[in-house]
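The following exercises concern a single protein chain. Each task is followed by a solution that proceeds step by step.

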Amino acid sequence: MSFVLSVNDQAHIIEDDGETPLLWVLRDRLNLTGTKYGCGIAQCGACTVHLDGQPKRSCSIPLKAATSSQITTIEGAEGEEVTALRNAWGAHDVPQCGFCQSGQIMSAVALLRQNRTPTDTDIDHAMSGNLCRCATYNRIRAAIHDAAAQLGQPA
Ligand code: FES
Ligand code: FES
């Protein structure tokens with residue numbers, strides 16, 4: 001069966017039974033390997049991508065359920081929030097092993113697109129589904145505050 005998948009503003013035709021998790025379509029068929037496999041059961045956030053702007057766990061979404069959405073991966077993420085977060089991530093030396101980081105960034109982008117002045121509680125809530133074996137949580141929180149300060153309020 002053929003499915004049309006919109007990823008990073010490009011349409012792709014995927015031959016599949018529709019049950020393959022979106023994560024594996026992105027990684028194995030489209031070579032978008034910035035999105036990582038951690039747990040496979042929607043518990044770690046390493047596989048986070050955006051579906052219509054919302055952070056979702058791609059390991060737990062079958063291909064057939066993703067065809068009506070605009071999908072954005074870390075490779076296609078852009079905009080002022082992404083730029084501010086990437087700058088802040090570097091300034092705060094957030095990445096350690098790096099494995100969780102694309103998922104962390106995708107969740108942080110979604111947060112700042114809806115809340116330019118997040119509190120610690122807002123950040124902890126938004127990021128609670130993204131685990132980090134290297135325990136970079138304090139750096140992530142500081143970097144998100146820094147990015148929010150860079151962005152200021154929307155015009
Ligand atoms: S790999 Fe998807 S949440 Fe862990
Ligand atoms: S930086 Fe290593 S798992 Fe998060």
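Three exercises follow, on domains, on a pocket and on backbone angles.

The model is predicted, so that local features need pLDDT of at least 70 and side-chain atom pairs count only at pLDDT 80 or more, while totals for chains, interfaces and linings use all residues. Residues are numbered from 1 along each chain as its sequence is written, chains are lettered from A and ligands numbered from 1 in the order in which they are written, and side-chain values use heavy atoms, with hydrogens and water left out.

**Exercise 1.** Describe the domains of the chain and the interface between domain 1 and domain 2.

Solution.
- Step 1. The assignment, in which bounds come from an automatic or database source, yields domain 1 (2-72) and domain 2 (80-152).
- Step 2. Taken over C-alpha atoms, the centres of domain 1 and domain 2 lie 22 Å apart. The contact (heavy atoms within 4.5 Å) involves 16 residues of domain 1 and eleven residues of domain 2.
- Step 3. Buried area is the accessible area (1.4 Å probe) that two parts lose on being put together, summed over both. Between domain 1 and domain 2 this is about 970 Å², with 55% from carbon and sulfur atoms. On the side of domain 1, the most area is lost by Cys 44, Thr 48 and His 50, together 38% of what that side buries.
- Step 4. With a salt bridge defined as a side-chain nitrogen of Lys or Arg within 4 Å of a carboxyl oxygen of Asp or Glu, the rule finds zero across this interface.

**Exercise 2.** Which residues line the largest pocket, and which domains do they come from?

Solution.
- Step 1. A pocket is an open set of points on a 1 Å grid over the protein atoms alone, where a 1.4 Å probe fits, with protein on both sides within 12 Å along at least five of seven lines; lining residues have an atom within 4 Å of a point.
- Step 2. The lining consists of Gln 54, Pro 55, Arg 57, Ser 107, Ala 110, Leu 111, Gln 114, Asp 122, His 125 and Ala 126.
- Step 3. Domain 1 and domain 2 each contribute at least three residues to this lining.

**Exercise 3.** Where do Asn 8 and Asp 52 lie, and what is phi at each?

Solution.
- Step 1. Strands are DSSP runs (E, at least two residues), numbered from the N terminus. Asn 8 belongs to the loop between β1 (2-7) and β2 (10-15), and Asp 52 to the loop between β3 (48-51) and β4.
- Step 2. Asn 8, which is not a glycine, has a positive phi near 50°. Asp 52, also not a glycine, has a positive phi of about 50°.

How values were computed: Helix = DSSP H or I, 4+ residues; strand = E, 2+ residues; numbered from the N terminus.
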